[in-house]
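Q: I should like to learn how empty space and ligand contacts are read from a structural model. Please take the chain and its ligand shown here as the case.

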Amino acid sequence: MKAVVVDEDNGLHWQDFETAVANPDEVLIKVHATAINRADLMQRQGFYPPPPGASQIMGLECAGEIVAIGGNCSRFAVGDRVCALLAGGGYAQYATAHEGSVLPIPGGLSFAEAASLPEVFATAWLNLFIEAGLQPGEKVILHAGASGVGTAAIQLCKSFGSPSFITAGSDDKIDSCIQLGAEAGFNRHQSSFLDKAKEFGGESGIDVILDPVGGAYLKDNLKLLGLNGRLVMIGLMGGSREEIDLAALMMKRIRVIGSTLRTRPVEEKAKVMSQLYERVWPKIEAGEISATIDATFPIEKADEAHELVTSDATLGKVVMSVI
Ligand SMILES: NC(=O)c1ccc[n+]([C@@H]2O[C@H](COP(=O)([O-])OP(=O)(O)OC[C@H]3O[C@@H](n4cnc5c(N)ncnc54)[C@H](OP(=O)(O)O)[C@@H]3O)[C@@H](O)[C@H]2O)c1
C-alpha cells in the first residue's frame, strides 16, 4: 500500500509502505479519506509518538470501506461504509481499527465528511459529557472554538442545551462559531477573555471549560469557574506550567481534569464511540449537527494540508482524500 512517510527533515512523502494487517479484534479499512489533527503536527515533529502497538503512520481517523474482518469481529461486513477512530495509521490506503472504534457512516455523508468526525466528536463528547458530566443549561467555555474539536463541541453544546462562549483568533472565526451555535466569543489576540467571559458567566459563573491551551489560560479559567466548576485540560498549546492559588480551587470545589483520548484502552474508546452512535449520529443524519470542513486536499499534498493547519487559519477540519 501507499502511506505518508516522514523523512529525516520532516518532509512528507506518499510512498510504498508495508500493508496494514488486521488482528482478530480489528477490521481492515480501504481508506477513502482521512483528516488532520493537531496531534499529527506534533507527531511529525517527533513530540507525540504513537502509543505502543499503534501504527507509526500519522492519522487518527479515516473513512472508507471494510475489506477484511478479524475473527473476533461481528458488527460489520466486508463492503460496509464506515468511519473510524484510530490510534494511528490513517494517512494510508489501508488502516486497521479495533471494531469498537468503528461506526457506520451517518446516512447521506460523503467519505470526506465522515473522515472529519471521529476524533473531534469523540474528544468533545468524552470530555464534555463523560469527564465533565455536562448537564443541560450549564454554561460552557470552549477555547480554540474554531478548531476541529471546538466546532464539534459548539454543536454538541447547542444541541444538548448548554450555552457556550468561545475564544478564537479572529472576528470572522467568532462569527462562524456563533453561526454554529455559540452564544458569544472573544478574539484571543485582543487581550484577556476574562471580562467578556465573566459577562457571559453571570453571577453563578461558568460550569465547564474545555481547554486545549493550558498554562497561559489557567489562572483566568479558575477565576471564571463557579461553584462545582469543572476544567478539562485537553491540550497545552499555551504551555504546561503555571502557578495557581489552590485556595480558589478548594473554596469553589473546582475539579481540574486532565484527559487524552489516544492512549485510552480500546474498551473506553468503544464506550465513547457507542455513545456517539446512539446520541449524536441521529442528529447528524437529521442535519442538526454537521461536519465542519475548511478544506480538502489529495493526500499526495499532505505537506500543503499540514501547512494550512499550522497557519491557524482554519475553521473546523482539513480532510485529505485517498485514492
Ligand atoms: N486530549 C485529547 O484527547 C485531545 C484530542 C484531540 C485534540 N486535542 C487538542 O485539542 C486542540 C485542538 O485540536 P484540533 O486538532 O481540533 O486543532 P486545530 O483544528 O488544528 O485548531 C487549533 C486551533 O487552536 C488555536 N491556537 C493555536 N495556538 C494557540 C495558542 N497558543 N493559544 C490558543 N489558541 C491557539 C488556533 O485557532 P485560533 O487562532 O482561532 O485561536 C488553531 O487554529 C489541540 O490542542 C489538540 O492537541 C486533545
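Q: How many cavities of 30 Å³ or more does a search of the whole structure find?

A: Rolling a probe the size of a water molecule over the atoms shows where empty space is left. On a 1 Å grid over the protein atoms alone, a cavity is a set of points where a 1.4 Å probe fits but cannot get out, with lining residues having an atom within 4 Å of a point. Here the search finds one cavity of 30 Å³ or more, with a volume of about 40 Å³. The model is predicted: local features need pLDDT of at least 70, side-chain atom pairs count only at pLDDT 80 or more, and totals for chains, interfaces and linings use all residues. Residues are numbered from 1 along each chain as its sequence is written, and side-chain values use heavy atoms, without hydrogens and water.

Q: Which residues line the largest cavity?

A: Among them are S116, L117, F121, G148, Q155 and K317. The elements giving two or more residues to this lining are α3 (118-131) and α4 (148-159), helices being DSSP runs (H or I, at least four residues). The largest share, four residues, comes from α4.

Q: Where does the ligand make polar contacts, for example with R188?

A: A polar contact is a pair of N or O atoms within 3.5 Å. A polar side-chain atom of R188 lies 2.6 Å from a ligand oxygen atom. Polar backbone atoms also take part: that of G148 is 2.9 Å from an oxygen atom of the ligand, and that of I234 is 3.0 Å from a ligand nitrogen atom.

Methods. On a 1 Å grid over the protein atoms alone, a cavity is a set of points where a 1.4 Å probe fits but cannot get out, and a pocket is an open set with protein on both sides within 12 Å along at least five of seven lines; lining residues have an atom within 4 Å of a point. Grid points are joined across faces, edges and corners, and a volume is the space filled by probe spheres set on the points. A polar contact is a pair of N or O atoms within 3.5 Å; within protein, one must be able to donate a hydrogen and the other to accept it, and residues adjacent in sequence count only if both atoms are side-chain atoms.
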